[in-house]
Amino acid sequence: MKAAPEHQLRLLDVQQADTAIARAEHRARNLPEAEEVRELDARIAGLKDRAVAARTALSDLGREQRKAESDVDQVRSRADRDRARLDAGHVSSPKELEGLQSEIASLQRRQAELEEVVLEVMERREAAESEAASVTAELERAEADRESAEERRSGAALEIENDRATERDRRERLAKEVPEDLLALYTKLRDQYGIGAAALHYGRCEGCKLALSTAELGRIRQAPADEVLRCEDCRRILVRTTESGL
């Protein structure tokens, strides 16, 4: 293939634009802000589960406390009725009197036990309320962090998209200056290798970073300026420049 030296040099500019576009696309796929958003999403999901569990625990403890308090009230009411009968002198039989006094004593012990249950439930409920408040505060902080990270991600993505659009416009202008057959070959090679054209830089191919053999360099020195060369190792288009070392 033949192509004017200036067209071959322009191909390096096209490659430079394509490389910049590829870098921008890689950055867009690997934004640290995007990873931060994903991590925060996972954290928020976990905190929401914990918040639901905390609210459920509080609801259960509320019912347990009300049940325990109701049991205390029932025992207290029964003991109060028995004491009222005792104080009113309605019990004349010694055996009945002894039984009533024994029942009152038993109810008092039962009331004390139930009141301990109420205190224990209240302590657990207080701990659950503290846990719920802590999880809620942590969730609010995580959501605020997520909002901040999303703003930074959007800003970074917009900046990258602007850079990519600029390089695409530049690439389009440059490509118009390259003959169709040369551009088609370059595009085929770029699709295969990621880099379609590379400069020969002081005897080294900038595509594969390998030094060319003495024989190959000799062949290149003898090649016409408009001959389109290929690297013998990576097969990319090899473009001669003033820094080729020939």
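These legends accompany a set of close-up views of a predicted model.

**View 1. Helices α2 and α3 run alongside each other in opposite senses.**
Helix α2 covers residues 32-88 and helix α3 covers residues 94-175. Their axes come within 6 Å and cross at roughly 165°. An angle over 145° counts as roughly antiparallel, so α2 is roughly antiparallel to α3. The crossing of α2 past α3 is left-handed. If you sort the residues of this contact by class, you will find 30 nonpolar, five polar and 29 charged.

**View 2. A105 sits in helix α3.**
Is A105 buried or exposed? Neither word quite fits: A105 counts as partly exposed because its relative accessibility is 26%. For a sense of distance, pick out A54 as well: A105 and A54 are 51 residues apart along the chain, and their C-alpha atoms are separated by 39 Å.

**View 3. Helix α1 also meets α3.**
Here the partner of α3 is α1, which spans residues 5-29. The axes of α1 and α3 come within 9 Å and cross at roughly 160°. That angle makes α1 roughly antiparallel to α3. As α1 passes α3, the crossing is left-handed.

**View 4. Four strands make up an open, mixed sheet.**
Reading across the sheet, the order is β2-β1-β4-β3. At the edges are β2 (204-205) and β3, each of which pairs on one side only. Take the pairings one at a time. Strands β1 (residues 197-201) and β4 pair in the parallel sense, over four bridges. Strands β1 and β2 run antiparallel and are joined by two bridges. Strand β3 (residues 229-230) pairs with β4 in the antiparallel sense, again through two bridges.

**View 5. Strand β1 has partners in both β4 and β2.**
Follow β1 residue by residue and you can trace its links to β4: A197 stands opposite I237, and L200 has R240 as its bridge partner. Towards β2, the residue opposite L200 is C205. L200 therefore appears in both pairings, with R240 in β4 and with C205 in β2. How many of the five residues of β1 are buried? Four of them are, so β1 is largely enclosed by the rest of the structure.

**View 6. The side chains of β4 point two ways.**
Strand β4 takes in residues 237-240. I237 and V239 point one way from the strand, while L238 and R240 point the other way. Which of these four are buried? All of them are, R240 included. I237 is worth a second look here, as I237 stands opposite A197 of β1 and also opposite R230 of β3.

**View 7. Y202 takes a positive phi in the β1-β2 hairpin.**
Two residues lie between the strands of this hairpin. Y202 is in the loop that links β1 and β2, and its phi is near 45°, a positive value in a residue other than glycine. Most residues other than glycine have a negative phi. Y202 counts as exposed because its relative accessibility is 56%.

**View 8. R235 takes a positive phi in the β3-β4 hairpin.**
In this hairpin, six residues lie between the strands. R235 is found in the loop between β3 and β4. Its phi is positive, about 70°, although R235 is not a glycine. With a relative accessible area of 36%, R235 is partly exposed.

**View 9. The largest nonpolar core draws on helices and strands.**
This core has 17 residues. Those with the most contacts inside it are L11, V178, L182, Y186, A197 and I237. Which elements give two or more residues to the core? They are α1, α3, α4 (180-193), β1 and β4. The largest share, five residues, comes from α4. Two residues from the sheet views return here: A197 and I237, which stand opposite each other across β1 and β4, are both among the residues with the most contacts in the core. In soluble globular proteins, nonpolar side chains tend to be buried together.

Note on methods:
Residues are numbered from 1 along each chain as its sequence is written. This is a predicted model: local features need pLDDT of at least 70, side-chain atom pairs count only at pLDDT 80 or more; totals for chains, interfaces and linings use all residues. Side-chain values use heavy atoms; hydrogens and water are left out. Axes are lines fitted to C-alpha atoms, for helices over the stretch in contact, and angles run from 0 to 180 degrees between N-to-C directions. Angles under 35 degrees count as roughly parallel, over 145 as roughly antiparallel, 65 to 115 as roughly perpendicular and the rest as oblique. A crossing is left-handed if the near helix is turned anticlockwise from the far one by less than a right angle, and right-handed if clockwise. Ala, Val, Leu, Ile, Met, Phe, Trp, Tyr, Cys and Pro count as nonpolar, Asp, Glu, Lys and Arg as charged, and the others, Gly among them, as polar. Buried means under 20% relative accessible area, exposed over 50%, partly exposed in between (1.4 Å probe, protein chains only). Two strands pair if DSSP finds at least two bridges between them. A nonpolar core is a set of buried Ala, Val, Leu, Ile, Met, Phe, Trp, Tyr and Cys residues joined through side-chain atoms within 4.5 Å.
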